[in-house]
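Please work through the exercises below with the sequence and the model side by side, and try each task before reading its solution.

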Amino acid sequence: MKYILSLDQGTTSSRAILFDRHGEICAMAQEEFQQFYPQPGWVEHDARDIWRGQLKVARQAMEKLGITAKDVAAIGVTNQRETTVVWDKETGQPIYHAIVWQCRRTAPMIDEIVKQGWTARIKAKTGLIPDAYFSGSKIAWILNNVEGARQKAEEGKLLFGTIDTWLIWNLTQGKAHVTDVTNASRTMLFDIHKKCWDPELLELFKIPACMLPEVKPSSCVYGTTAPYWFGGEIPVAGAAGDQQAALFGQCCFNAGEVKSTYGTGGFMLMNTGKKAVASKSGLLTTIAVGIGDQVEYALEGSVFVSGAVVQWLRDELRLLDASPDSEYFATKVEDTGGVYMVPAFTGIGAPYWNQYSRGMIVGLTRSTTKAQLIRAALEAIAYQTADVCEAMEKDSGIDLKSIQVDGGASKNNFLMQFQSDVLGAVVCRPKCVETTALGAAFLAGLAVGFWKDKEEIKSFWNVDSLFRPTIPEKQRKKMLDGWHLAVDCALRWGDGMKEK
Ligand code: ADP
């Protein structure tokens, strides 16, 4: 068997990639799917769309190579994290749209929990900061708001899953109701130290334990695909949340190694090895990977809107025909003319955490141009990551000299150079920026013996480009000062809105 099939179910699109023994991409298929914004700050997906689209692109990738199930050694699944699906065990139909990680609808529920003094306990158990971002409050919302849901859940008729769970359940036609430790660690219901669902948090959110999936390692055989889907059985042997998969795909296997992803959101993760490091600077502690009965931990800075700000310029403001054109416009101007954009469309995540903050553009003048606005959006992506990087340096005590990057927007050379400039550190982009899919493939391939060990995998990793800082320290500081002023405006707006 020559290939590993990776299913990369992202926030805006589903991808399927076939990797060969050398970790090279042999075929890829991708499809965007519909986003639903039923109210300001709310985001939903149709989980049935996600499954259908994911299956379609998987079949397309296999057709491109003219291969069948017997050519595929295993499937690895990676997914947008936290997004919550609740479905009927009998019919397999979701009882509500999937509530997406970006969705803010449960912010008041979280406020209440914070008011009751749960913050420290939640942080100690789950490594997370109470926020509407995580799955726990989203499940509670569905049970509280969909007619008859709570009763059915209590009768054991409903199942919960993050997208990994939903896909594996469908791939195995209901045989496996499982999740992996990395995805479990994003629910705010999972004790990352004891490695089990936490009864006290289940009680807090009134979630019946019988609807939760079984938690497994990230690299193990969860089941096999029903023969109908691909014309034969394929073991499903790897699963991890997209950011943890990218960390693994970037071969950040050692404590202190860092990757930064520029997808819909922006996520910087540092492997901290066997030690769960508690953050004092607004970062999350999360499970990086589980292999066998061992888990490794990571520190994470999550930025809700990263590449998505470019998508907004494209789809809502119609300033761009395609996201990559942002590079052309950004390099047409010297600077933004003092304009800063804070893309807090769904609140601000790390390291500030403000659920009610919203987007802001400051410093506009009559001469502000379209190109400057576009440049301000790209710069914002880099500034947000710089804030996370600073927090990570504080928490870990490590001075980050270089970071490894990936994700759709990491292909933007202007953005990567600007990132290097505002960080004052080297930005290293690997040849394969599909590290999320690659990480899931690695996990699946290791589980079935397609690859021997991490050493073998590491030999596949190659540099594409290095971006080195080019601006003086004084200029860097001035730019960051302006950014922090802009963030301050967005935070104050958030605080004001919360009062209302
Ligand atoms: P996800 O996996 O979260 O769906 P991707 O890693 O595919 O996201 O990245 C897609 C995001 O990156 C989109 O929001 C898109 O606007 C942005 N993007 C893609 N290419 C570029 C580019 N060349 N410059 C800037 N942004 C880009």
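What follows is a set of five exercises on this predicted model, each with a worked solution.

**Exercise 1. The chain as a whole**

Task: Determine whether the radius of gyration of the chain agrees or disagrees with that of a compact globule, and state what percentage of its residues is buried.

Solution: Begin with the expectation, which for a compact globule of 500 residues is a radius of gyration near 23 Å. The chain has 22 Å, and therefore the value agrees with that expectation. Next consider the extent of the C-alpha trace, which spans about 60 × 50 × 45 Å along its principal axes. Then turn to burial, where a residue counts as buried when its relative accessible area is under 20%; such residues make up 63% of the 500 in the chain. The chain exposes about 19,300 Å², of which carbon and sulfur atoms supply 51%. Finally, among the contacts between residues at least 6 apart in sequence, 72% join residues that are at least 24 apart. The elements that build this chain are 17 helices and 23 strands.

**Exercise 2. A sheet of six strands**

Task: Write down the strand order of the open sheet that contains E1, and find its edge strands.

Solution: Following the sheet across, the 6 strands come in the order E3-E2-E1-E5-E14-E13, and their pairing is mixed. The edges are strand E3 (25–32) and strand E13 (219–224), since each of these pairs on one side only. From one strand to the next, the twist averages 25°. On the E13 side, strand E13 is joined by 3 bridges to strand E14 (residues 235–241), and the two run antiparallel; within this pair, Gly 223 stands opposite Val 236 in E14. Helix H10 (residues 242–249) packs on the sheet, where it touches strand E5 (72–79) and E14, and its direction makes about 100° with that of E14.

**Exercise 3. Strand E1 and its neighbours**

Task: Explain why strand E1 is described as largely enclosed, and state in which sense E1 pairs with E5 and with E2.

Solution: Start by counting, for 7 of the 7 residues of strand E1 (residues 3–9) are buried, so the strand is largely enclosed by the rest of the structure. To see how the two faces are arranged, recall that side chains in a regular strand alternate between the two faces of the sheet. In E1, one side carries Tyr 3, Leu 5, Leu 7 and Gln 9, while the other carries Ile 4, Ser 6 and Asp 8, and both faces are covered. Now look sideways: E1 pairs with E5 in the parallel sense over 7 bridges, and the partner of Asp 8 in E5 is Thr 78. With strand E2 (residues 13–19), E1 pairs in the antiparallel sense over 6 bridges, and here Ile 4 has Phe 19 as its bridge partner. The link between E1 and E2 is a hairpin of 3 residues.

**Exercise 4. A sheet of seven strands**

Task: Find the edge strands of the open sheet that contains E15 and E21, and name the bridge partner of Lys 259.

Solution: This sheet has 7 strands in the order E17-E18-E16-E15-E21-E22-E23, again with mixed pairing. Its edge strands are strand E17 (284–291) and strand E23 (463–467), each of which pairs on one side only. Neighbouring strands are turned by 30° against each other on average, when direction is ignored. Inside the sheet, strand E15 (residues 258–262) and strand E21 (residues 402–406) run parallel and are joined by 3 bridges, and Lys 259 has Gln 404 in E21 as its partner.

**Exercise 5. Helix H17 and a buried residue of helix H14**

Task: Compare the reach of helix H17 with the expected one, and decide whether Met 416 is buried or exposed.

Solution: Helix H17 (residues 473–499) has 27 residues and reaches 39 Å from its first C-alpha to its last, close to the 39 Å expected at 1.5 Å a residue. Its buried residues include Met 479, Trp 483, Ala 486 and Ala 490. The buried residues of H17 pack against several elements, among them helix H13 (370–396) and helix H14 (413–423). Met 416 is found in helix H14, and because its relative accessibility is 0%, it counts as buried. Leaving aside residues up to four places away in sequence, Met 416 touches Tyr 262, Val 405, Ala 409, Ser 410, Val 427, Arg 429 and Phe 467.

Technical notes
Residues are numbered from 1 along each chain as its sequence is written. This is a predicted model: local features need pLDDT of at least 70, side-chain atom pairs count only at pLDDT 80 or more; totals for chains, interfaces and linings use all residues. Side-chain values use heavy atoms; hydrogens and water are left out. Two strands pair if DSSP finds at least two bridges between them. Helices (H or I, at least four residues) and strands (E, at least two) are DSSP runs, numbered from the N terminus. Axes are lines fitted to C-alpha atoms, for helices over the stretch in contact, and angles run from 0 to 180 degrees between N-to-C directions. Contact means heavy atoms within 4.5 Å. The radius of gyration is taken over C-alpha atoms; the globule rule is 2.2 Å times the number of residues to the power 0.38. Buried means under 20% relative accessible area, exposed over 50%, partly exposed in between (1.4 Å probe, protein chains only). Accessible areas come from the Shrake-Rupley method with a 1.4 Å probe; for residues, only the protein chains shown count as cover. The expected span of a helix is 1.5 Å times one less than its number of residues.
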